[in-house]
Amino acid sequence: MANPGYGKRSAPGQRARSASDFAHLLPRDAAVAAYIDGLCDGADISVKTLAKVLPYGQCALRTTLNRLQEAGHLRRGSECVATEEALIWVTRTFFSRTSREDEWWDAFTRGDVPQDQERTSQRPTRSRAFILLAALGRHTPALTLSQADCVTLEPQVSEWFERGATEPEVLNALTEGLPPRIHHAAALLRRRLLDKLPPVREASPAPRIVLRTLECRECRAPGSAQAMPGGLCATCRGNTPEVSTGPADAVPDHGVRARMSAVRAGLVPRAERGHR
């Protein structure tokens, strides 16, 4: 999972999953998109983290994420979130299984996505609990679990999260002070999850999103989806408009040399002036 304020955020109104969701993408891009689609909200999808679990390097993954942005599956941006204490800006990476046009992303940043689309039924993605359990073996090899073990223990870990526990707290409870030899990892974890179950914490009010903006995938400049087709701003596309700083008929900067060469070519040499 990513730090609070970062990580994957699922876009609303997506169609149900199908085998052809990413068929229009290149094979590597389709594989990465399918992996990200299966992660829960808040999962770390930075190139460094993806490179640790996928058979691709960071440069290849960075290129793939940019292509997913071009194809309308991903947008990077920021949201201004209102809490009880203050207004804070948090970074977001929005992902959509359904490819979206720039107009849709523009409506999304304004909060104008139709309500009936937001209620579209979806098959649930893997939960935070399942992802944490499946990753235990990477941190502590002795606690490597099978698919069946993860499914069995998932409700217990979910209860910890419902009581307000964080990922580091759950990991600490499961991995600290382990015996020298572990004969049955799932049984040990089941016992620890039961014996160390924390009390229910009072939930704080959910923060409200009061403003949302997208960013250029290259230079991170903020802007609207309409101004950044494919997630790329005009400057990074090489379409920077010329800004005139002089009179209406002034020569643009890049044309000064050509104009001076033309003027010199039309001048009469001093030695020839008296003969004409």
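Is F108 buried or exposed, judged by relative accessibility? F108 has a relative accessibility of 5% and therefore counts as buried. This report places that residue in the wider setting of the structure, which is a predicted model.

## Overall composition

The protein contains 12 helices and 5 strands. Of its 276 residues, 36% count as buried. The accessible surface amounts to about 16,800 Å², and carbon and sulfur atoms supply 53% of that area.

Contacts across the sequence also help to describe the fold. Among contacts in the protein with a separation of 6 or more, 64% are made by residues 24 or more positions apart.

## Nonpolar cores

In soluble globular proteins, nonpolar side chains tend to be buried together. In this model, the largest nonpolar core has 20 residues, and L145 and V170 have the most contacts inside it. Two or more residues of this core come from each of the helices α6 (128–139), α7 (147–162), α8 (167–175) and α9 (185–195). A second core, separate from this one, has 19 residues, including F22, A30, A43 and L54.

The surroundings of V170 can be described residue by residue. When neighbours within four places in sequence are left aside, V170 is in contact with L132, V157, W160, F161 and A165. One of these residues, F161, also has a charged partner: R128 lies over the face of F161, at 4.1 Å from the ring centre.

## Aromatic pairs

A pair of aromatic rings is described by the distance of the centres and the angle of the planes. A search of the whole structure finds 5 aromatic pairs. In one of them, the ring centres of F22 and F95 are 6.4 Å apart and the planes stand at 45°, so the pair is tilted. The two residues belong to distant parts of the chain, 73 residues apart: F22 is in the loop between β1 (8–10) and α1 (27–37), while F95 is in strand β3 (residues 87–95). Both F22 and F95 are buried.

The rings of W105 and F108 offer a second example. Their centres are 5.7 Å apart and their planes meet at 80°, so this pair is edge-to-face. Both residues lie in helix α4 (residues 102–110), and because they are 3 residues apart, about one helical turn separates them. W105 has 0% relative accessibility and so counts as buried. Ring pairs also link W105 and F108 with F94 and W104 in a cluster. Above the ring of W104 sits the charged end of R100, 4.3 Å from the ring centre.

## A residue of strand β3

T93 is located in strand β3. Its relative accessibility is 16%, so T93 counts as buried. Apart from residues up to four places away in sequence, T93 touches G7, K8, R9, I45, L74, R75 and R76.

## Cysteines

How many disulfides does the structure hold? The number is 0. For C216, the closest cysteine sulfur is that of C233, at 3.7 Å; no bond is assigned because this distance is too far, given that a disulfide requires sulfur atoms within 2.5 Å.

C216 is buried, with a relative accessible area of 0%. C150 is likewise buried, and its relative accessible area is 2%.

Conventions
Residues are numbered from 1 along each chain as its sequence is written. This is a predicted model: local features need pLDDT of at least 70, side-chain atom pairs count only at pLDDT 80 or more; totals for chains, interfaces and linings use all residues. Side-chain values use heavy atoms; hydrogens and water are left out. A nonpolar core is a set of buried Ala, Val, Leu, Ile, Met, Phe, Trp, Tyr and Cys residues joined through side-chain atoms within 4.5 Å. Buried means under 20% relative accessible area, exposed over 50%, partly exposed in between (1.4 Å probe, protein chains only). Helices (H or I, at least four residues) and strands (E, at least two) are DSSP runs, numbered from the N terminus. Contact means heavy atoms within 4.5 Å. Accessible areas come from the Shrake-Rupley method with a 1.4 Å probe; for residues, only the protein chains shown count as cover. Rings of Phe, Tyr and Trp (its six-membered ring) pair if their centres lie within 6.5 Å; planes under 30 degrees apart count as stacked, over 60 as edge-to-face and the rest as tilted. A charge sits over a ring if NZ of Lys or CZ of Arg is within 6 Å of the ring centre and within 35 degrees of the ring normal.
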